[in-house]
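Me: I'd like to go through the side-chain contacts in this one. Can we take it topic by topic?

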Amino acid sequence: METLDAIKNRVSTRKFLPKQIEEKDLQIILEAGKQAPVAYNKYSDLVITVVQDKEILKEIDRLCDEYYGADTMIFFNAPTLIFVSSKKAKYDQEYENVACIMENMALAATDINVGNVYLKGMTLHIEEKTLANLLKLEEGIKPIAALGVGYPDGEIKPKIHDIKIERI
């Protein structure tokens, strides 16, 4: 798939097959994340954590359900969650750095027909220390976002987006 095709075809997958993602596909996605631009070249401030352990996935889902007071299906039963975490950046670029990594991984997943969904709620609503412990992160590393990945259950249909463009 060409880059612009992957960009146009990337949509959030909200229904995944129960089958685990193949290791070769996971490695492509992770490699794309590692190639993302990062402010001041501070790659050592970032951590990518792959969660495929069903018990940890159940615990993350339970903690989100507890926060929302309902069965949230917050990661849509994606069989793999890829968390991106960061130390506090000098000029607060940790969120931008993580966003670049997330976008690279989402586009790579789309390119190889792996469904994906960008997830932020878990890192907002699960107590930071609890989530950091589940992810076995070092002190000072904060989980910022996650990408749910897996094989889509059903056809993924691209959407056409329109954002107003102004010229000055």
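Reply: What follows covers aromatic pairs, a charge over a ring, and cysteines. This is a predicted model, where local features need pLDDT of at least 70, side-chain atom pairs count only at pLDDT 80 or more, and totals for chains, interfaces and linings use all residues. Residues are numbered from 1 along each chain as its sequence is written, and side-chain values use heavy atoms, with hydrogens and water left out.

Me: How many aromatic pairs does a search of the whole structure find?
Reply: Two. Rings of Phe, Tyr and Trp (its six-membered ring) pair if their centres lie within 6.5 Å; planes under 30 degrees apart are stacked, over 60 edge-to-face, the rest tilted. Tyr 40 and Tyr 91 have ring centres 5.9 Å apart and planes at 40°, so this pair is tilted.

Me: And the pair with Tyr 67, what geometry is that?
Reply: Tyr 67 pairs edge-to-face with Tyr 68, at 5.0 Å between centres and 90° between planes.

Me: Is Tyr 40 buried or exposed?
Reply: Exposed, at 57% relative accessible area. The cut-offs are under 20% for buried, over 50% for exposed and partly exposed in between (1.4 Å probe, protein chains only). Tyr 67 is partly exposed at 48%, and Tyr 68 is partly exposed at 40%.

Me: New topic: which ring does the charged end of Lys 19 sit over?
Reply: That of Tyr 151, 5.0 Å from the ring centre. The criterion is NZ of Lys or CZ of Arg within 6 Å of the ring centre and within 35 degrees of the ring normal.

Me: How many disulfides?
Reply: Zero, with a disulfide taken as a pair of cysteine sulfur atoms within 2.5 Å. Cys 64 is buried at 0% relative accessible area, while Cys 100 is partly exposed at 29%.
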